[in-house]
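User: I would like to learn how to read a few features of a protein model. Please go through them one at a time, with the general idea before the case.

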Amino acid sequence: MELPKRYDPTEVEDKIYSFWEEQALFDADIDWDKEPFTMVIPPPNITSVMHIGNALIYTLHDVLIRYKRMDGYVACWFPGMDHAGIATQNVVERRLATENCTRHDLGREKFVERVWEWKREYGGQIQRQMKALGTSPDWRRERFTLDDDLSMAVCAAFVRLYNEGYIYRDKRLINWCPRCQTAISDIEVIHHEIDGNLYYIRYALQNSADYITITTTRPETMLGDSAIAVNPYDQQKKSLLGKIAILPILERELPIVDAVEVDPKFGTGILKITPAHDPLDFEIGKRHNLPQINIFTNDANLNENAGPYAGLDRYAARKQIVVDLKACGRIEKIIPYRHAIGHCQRCDTLIEPLISMQWFVAMADLAAPAIEVVRTDTIKFIPSRWKSLYFDWLEKIKDWCISRQLWWGHRIPAWYCADCKEITVAIAPPQRCSACQSSKIEQETDVLDTWFSSALWPISVMGWPQQTEELKYFYPTSLLITGFDIIFFWVARMIMMGLYFQGIIPFKEVYFTPLVEDEHGVKMSSSRGNIIDPLEIKERYGMDALRFSLTQASSKGRGIRIAMRDIEASRNFLNKVWNMARFILLEIGDDRPNELPQLVEIEDRWIISQLAKTTELVRNYFASYSFNQAADTIYDFVWHQCCDWYLEIVKQRLNEADNKDAVAVIYYLLQEILKLLHPFVPFITEEIWQRINNRRSPIAIAHFPCADHNQIDREAEKLVELFQRMVTAVRRVRAELRIPQQALIQVLISTENKMINTMMEKKSRVFSALVGADYVKIDQRITPPANAAKQIVDEAEIFIPLTGLIDITKERARLEGVLTKISKELYALQKRLNNQAFRVNAPAEIIAKEESRAAEYTAMEAQLQAYIVALKEK
């Protein structure tokens with residue numbers, strides 16, 4: 001079947017995806033006779049739309065799962081979505097605001113119903129976009145973290161952790177987001193550098209005319225002070241211990257206590273202690289049994305403990321307090337100060353440390369085995385450098401605050417008894433208190449941190465806590481592909497929970513994707529206007545172009561750069577593939593040879609040898625997750641070796657009457673190339689595959705090529721590589737001496753090497769066509785003609801007579817001008833490289849770059865001199 005002249009992805013992609021779904025090609029059923037390869041998706045939020053970072057992660061998942069499916073594994077990719085507590089609740093609350101309504105106006109039950117309505121209307125957008133990208137998970141296994149069975153798994157996990165002493169409830173200092181109105185964990189706090197001030201405030205000493213000066217970036221928090229601290233080893237300040245300071249404005253008595261945490265060199269070396277609003281102060285306060293004075297409401301306004309400032313927001317209060325302190329002479333000085341301060345990861349609001357009753361998970365004992373499995377490479381990190389970051393966090397891990405003051409999410413399965421005040425924790429809602437049997441019980445209003453359910457993802461999607469057949473067959477999963485930015489939020493917690501609940505690691509390897517940056521190395525964001533929208537790419541270039549460019553750009557570095565020109569280059573490559581397939585199908589007509597013939601011609605032996613080596617390389621790169629190198633290897637083979645050389649060489653044979661061997665080779669080559677390319681660019685390869693024969697099974701389940709080492713032909717490779725260099729040498733002369741493109745040249749080849757002589761005589765017609773020659777002579781000894789350019793390739797001298805092709809005098813003058821310029825630049829380069837100071841001080845990569853330029857200029861100088869000598873000959 002003939003291919004259209006032009007490949008149009010808009011006419012192909014949706015049609016092909018529907019074809020795959022109709023064939024149920026992505027279904028992965030348990031087969032104990034086959035080895036499974038399993039991955040779980042990093043579940044996107046239901047609020048998500050696909051961005052370039054998602055597209056990279058999903059593309060790499062799909063490239064690998066398609067490869068494994070073709071390679072005979074039961075390749076199962078578990079898809080799903082996360083309920084995304086804070087993010088989703090914020091989206092729905094913003095929608096309610098457009099209706100002049102709040103969640104409190106609706107009440108909890110009706111608000112949650114509204115969120116479910118929103119989820120049904122908009123929550124499937126990311127799935128549609130994943131299908132547009134061509135991803136191939138087993139959609140039958142799609143899960144949502146609030147599905148009934150997953151919710152039951154969350155409750156089961158909570159109950160077991162609670163019963164075994166890991167989950168507890170306590171009144172502690174937590175991170176509070178005034179905008180989201182909920183506690184957040186330490187790793188959900190992002191620290192931004194801001195320009196602020198350092199305030200030097202004088203506190204009077206009781207029964208003394210003396211005063212002490214403290215420093216703070218937040219004068220408003222002084223209203224919650226309950227002590228002053230100095231370092232007991234500070235010889236200048238330790239005499240203050242035991243004295244009483246007086247809090248300005250509120251006149252509260254503050255004992256001066258010892259704390260080794262105080263840095264004598266920061267500020268004045270005297271620290272005000274506000275236990276209810278600072279993590280360090282909280283710990284010092286516990287040690288000295290200090291009052292915890294909360295001065296903030298949940299909205300970050302000042303409460304009744306703030307005296308005359310009650311009702312003001314925190315920023316207005318700061319301004320007024322500074323005015324009042326100045327008025328009473330308590331401000332010593334104010335200096336600009338840049339410092340890092342915590343903000344909510346979700347909404348970027350400045351967080352407030354607050355004392356609050358919350359639920360926590362004790363992490364130290366859970367972390368220890370999670371550290372060990374990564375340290376011993378039981379779980380292998382790729383790249384391994386991320387291990388140090390992982391260890392650094394886990395070895396200093398703090399207990400995890402898992403309660404959130406939200407309505408959307410997994411409601412904590414704990415019930416409070418109004419009579420005996422005990423807590424009943426259960427998977428199913430209890431009817432009575434487990435301690436006193438009272439029916440007066442009420443469920444906790446808080447929900448769990450979204451990451452709690454995400455931590456169970458690899459086991460919950462397979463049916464845990466039941467020990468299902470899926471868990472027995474597919475668990476542990478083979479590989480996790482994810483961004484390094486959630487190594488703490490998700491990766492570490494999945495490892496801990498997998499080990500705790502299943503007694504085995506959740507995955508064998510973790511591949512961390514890099515951050516996607518623009519061509520200048522800047523992180524992509526809508527505010528910077530440098531984002532690449534995957535759905536826009538689909539309309540302009542097709543998703544295969546995006547997939548291939550992302551795969552080529554992917555690396556094991558921290559960041560990858562991608563620009564529109566990269567996607568355009570991938571589109572051009574796909575056009576090359578299409579045109580190659582179109583040419584081959586036109587040449588073979590209705591023939592569909594079943595197998596390769598006995599290879600006789602040197603170019604056939606060479607291309608099949610190169611194919612075998614390419615296949616082996618691609619498989620090796622897949623094994624090491626070197627996706628970019630696999631893509632580059634196939635690109636080079638298709639574009640350069642197959643299209644640029646083999647098809648050009650074989651064209652003459654295809655025009656001959658007896659062309660069945662050539663037809664068989666190009667047909668075989670096309671099929672193998674399509675199979676090698678399919679994991680990367682599934683749409684175009686399936687379209688071509690089906691057009692070859694629409695009754696054959698899909699390429700998506702064809703066998704991925706295996707390298708046949710018997711096909712590797714060193715002799716053919718050596719001879720064709722020599723042939724290529726001879727063609728290239730003649731083409732270089734044509735280009736460098738500006739021989740008109742349409743002009744036919746004469747080529748004289750002098751060689752005593754019988755193998756070269758034999759090959760060039762046999763391939764002289766092909767050689768002539770490739771270099772634009774109407775006369776080629778091959779002999780053992782050829783006298784160099786006058787005004788002939790000369791090239792040496794191995795044991796062959798190549799002469800191209802120039803008389804009649806170019807203006808000899810004019811060309812010689814031009815070359816002499818170029819030589820003068822090149823010689824000057826080479827002299828400057830060599831002078832710089834011979835400068836000892838440059839070699840000592842310059843970076844190694846700069847020196848290497850300059851040495852490479854010098855070598856290039858030296859070769860150019862020698863070639864120009866040879867051309868000029870040739871043009872002077874009479």
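User: Is Glu-13 buried or exposed?

Analyst: This is a predicted model, and burial is judged from relative accessible area, with under 20% counting as buried. Glu-13 has a relative accessible area of 2%, so Glu-13 is buried.

User: Which side chain does Glu-13 meet in a salt bridge?

Analyst: Side chains of opposite charge can pair when their charged atoms come close. Here the side chain of Glu-13 meets that of Lys-538, at 3.3 Å from N to O. Glu-13 belongs to helix H1 (residues 13-22) and Lys-538 to helix H16 (residues 534-540), so the pair links distant parts of the chain, 525 residues apart. Lys-538 also counts as buried, at 13% relative accessibility.

User: How many salt bridges does the structure hold?

Analyst: The structure holds 58 salt bridges. Another joins the side chains of Lys-237 and Asp-234, at 3.5 Å from N to O. Lys-237 is buried, with a relative accessible area of 14%, and Asp-234 is buried at 8%.

User: Where do Lys-675 and Glu-672 lie with respect to each other?

Analyst: Lys-675 and Glu-672 are both in helix H21 (residues 660-677); because they are three residues apart there, about one helical turn separates them. They form a salt bridge whose closest N and O atoms are 2.9 Å apart. Lys-675 counts as buried at 14% relative accessibility, and Glu-672 counts as buried at 10%. Elsewhere, salt bridges that share partners join Asp-27, Asp-29, Asp-138, Arg-140, Arg-141 and Glu-470 into one network.

User: Let us turn to the sheet. What is the order of strands in the open sheet of four strands?

Analyst: To read a sheet, list the strands in their paired order, then look at the direction of each pairing. In this case the order is S27-S26-S29-S28, and the pairing is mixed. Strand S27 (773-779) and strand S28 (788-793) are the edge strands, each pairing on one side only. From one strand to the next, the twist averages 20°.

User: In what sense do S28 and S29 pair?

Analyst: S28 and strand S29 (residues 796-801) pair in the antiparallel sense, over six bridges. For one bridge at residue level, take Val-793, whose partner in S29 is Ala-796.

User: Which helix lies across S28 and S29?

Analyst: Helix H23 (residues 714-736) lies across S28 and S29, and also across strand S26 (745-751). The helix runs at about 155° to S28.

User: The last topic is empty space. How many cavities of 30 Å³ or more does a search of the whole structure find?

Analyst: Rolling a probe the size of a water molecule over the atoms shows where empty space is left. For this structure, the search finds four cavities of 30 Å³ or more. The largest cavity has a volume of about 80 Å³.

User: Which residues lie nearest the centre of the largest cavity?

Analyst: Of the 13 residues that line the largest cavity, Gly-85, Ile-86, Glu-188, Asp-449 and Thr-450 lie nearest its centre. Helix H3 (85-97), strand S21 (447-448) and helix H12 (450-455) are the elements that give two or more residues to the lining.

User: Which element gives the largest share of that lining?

Analyst: The largest share of the lining of the largest cavity comes from H3, with three residues.

Methods
Residues numbered from 1 in each chain as written. Predicted model: local features only at pLDDT ≥ 70, side-chain atom pairs only at ≥ 80, totals over all residues. Heavy atoms only, no water. Salt bridge = Lys/Arg side-chain N within 4 Å of Asp/Glu carboxyl O. Buried < 20%, exposed > 50% of the residue type's maximum accessible area, 1.4 Å probe, protein only. Pairing = 2+ DSSP bridges. Axes fitted to C-alpha atoms, helices over the stretch in contact; angles between N-to-C directions. Contact = heavy atoms within 4.5 Å. 1 Å grid on protein atoms, 1.4 Å probe; cavity = no way out; pocket = protein on both sides within 12 Å on 5 of 7 lines; lining within 4 Å. Points joined across faces, edges and corners; volume = space filled by probe spheres on them.
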